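Dear colleague,

I am passing on the structure we spoke about, and you will find it just below. My notes on what was found in it follow after that.

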Amino acid sequence: MATAMTAPAAGAMVEGRSSSSRDDAAARLHKDNAIEHWAKIKSLMDKKQVVLFLDYDGTLSPIVDQPDKAFMKEGMRPVLAQAASVFTTAIVTGRSKDKVYNFVGLDDVFYAGSHGLEIQGPLDRPVKCQMAEDMRPMLEATTDTLHSLLGHIQGYEIEDNKFSLSVHYRQVPSPPHVEELHNIVHEYVATAPEIVVKAGKKVLELRPKVDWHKGSAVNWILDALDLGNRSDVFPIYLGDDITDEDAFVAMETRACGGMGILVKEKFDPERPPETNASFSLRNPDEVQTFLATLVSHAGTVTSAKAPPATAAGDTS
Ligand SMILES: [Mg+2]
């Protein structure tokens with residue numbers, strides 16, 4: 001099994017910030033738009049080899065009421081396919097690897113599901129990683145318990161992501177039922193030391209308490225491809241959720257550089273304004289425009305995609 005990375009958990013930074021970090025947090029509120037400041041991004045890449053990491057919900061697809069219908073808008077898939085043909089590309093999501101593959105449908109990208117607890121390389125780079133195989137029975141028991149505790153609340157949904165659970169409340173009638181759902185889930189998690197919970201966009205994400213997150217998954221993929229310590233590699237991570245902050249931190253702490261892009265509408269009551277990202281985009285439509293711009297400049301401001309690696313990094 002791969003060794004857990006040691007990047008600090010951004011959630012802890014956001015939730016438990018000290019008074020001394022308040023000024024830092026204020027400085028993290030505003031981020032330049034990645035399209036409007038393309039020239040700056042171009043100079044940062046400076047003929048390096050770009051590696052693309054993309055969250056799915058809220059980044060490649062719009063947030064919708066029914067999680068099973070979170071399809072990408074027309075036009076996104078061909079742009080994503082073009083990007084994957086010129087850049088090493090990975091989808092990093094809270095969903096199960098198999099479910100997000102069904103949404104994306106591309107064979108030449110990495111899929112990191114369950115917040116990175118399960119990673120599968122593309123056909124020509126068959127690396128894989130499973131961090132929580134022995135957690136399945138515990139997660140199945142948790143699902144049963146939560147259904148019994150939440151059964152009286154209309155509209156909730158528990159999504160089984162294989163190595164994590166998502167309690168969706170997009171269709172739960174607004175207060176007081178949402179508040180009740182939050183209270184029940186948090187009270188349950190307080191009695192379950194093997195589980196942690198994080199809030200997302202109208203979802204509570206429950207994961208096994210292991211030192212592994214989206215930032216760990218990003219570093220694992222780069223290391224599996226022998227790209228982790230190369231100064232000519234420039235990773236870019238795009239995401240909209242609190243859980244993506246761990247990956248933004250991983251970008252910030254890379255010796256060779258890297259860039260986090262937060263996808264966020266101007267006002268988002270579901271998400272604290274502090275971020276470790278370097279730039280921002282407003283929505284998946286802008287993500288599509290950004291990817292198309294990146295593709296159109298491939299070969300002029302970036303170097304070529306690395307050839308397929310050997311099966312290094314197979315930890316199964
Ligand atoms: Mg998301």
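Please keep in mind that this is a predicted model. I begin with K202, which is partly exposed because 16 other C-beta atoms lie within 10 Å of its own, a count that falls between the limit of 12 or fewer for exposed and that of 20 or more for buried. K202 sits in the loop between β9 (195–200) and β10 (203–208), and its phi is positive, at about 55°, although K202 is not a glycine.

H115 also has a positive phi without being a glycine, the value here being near 60°. H115 belongs to the loop between β4 (110–113) and β5 (118–120), and it counts as buried because it has 30 C-beta neighbours inside 10 Å. As background, most residues other than glycine have a negative phi, and most peptide bonds are trans.

On that second point, the peptide bond from P175 to P176 is cis, with omega near 15°, and P176 is located in the loop between β8 (165–168) and α7.

Helix α7 (residues 177–190) packs with helix α6 (residues 136–150) at an angle of about 140°, the two axes being 10 Å apart, and the crossing of these helices is right-handed. On the α6 side the contact involves T145, L146, L149 and L150, which meet L181, I184, V185 and Y188 of α7. Sorted by character, the residues of this contact comprise seven nonpolar and one polar, with no charged residue.

With best regards

Methods. Residues are numbered from 1 along each chain as its sequence is written. This is a predicted model: local features need pLDDT of at least 70, side-chain atom pairs count only at pLDDT 80 or more; totals for chains, interfaces and linings use all residues. Axes are lines fitted to C-alpha atoms, for helices over the stretch in contact, and angles run from 0 to 180 degrees between N-to-C directions. Helices (H or I, at least four residues) and strands (E, at least two) are DSSP runs, numbered from the N terminus. A crossing is left-handed if the near helix is turned anticlockwise from the far one by less than a right angle, and right-handed if clockwise. Two residues are in contact if their C-beta atoms, placed from the backbone, lie within 7 Å. Ala, Val, Leu, Ile, Met, Phe, Trp, Tyr, Cys and Pro count as nonpolar, Asp, Glu, Lys and Arg as charged, and the others, Gly among them, as polar.
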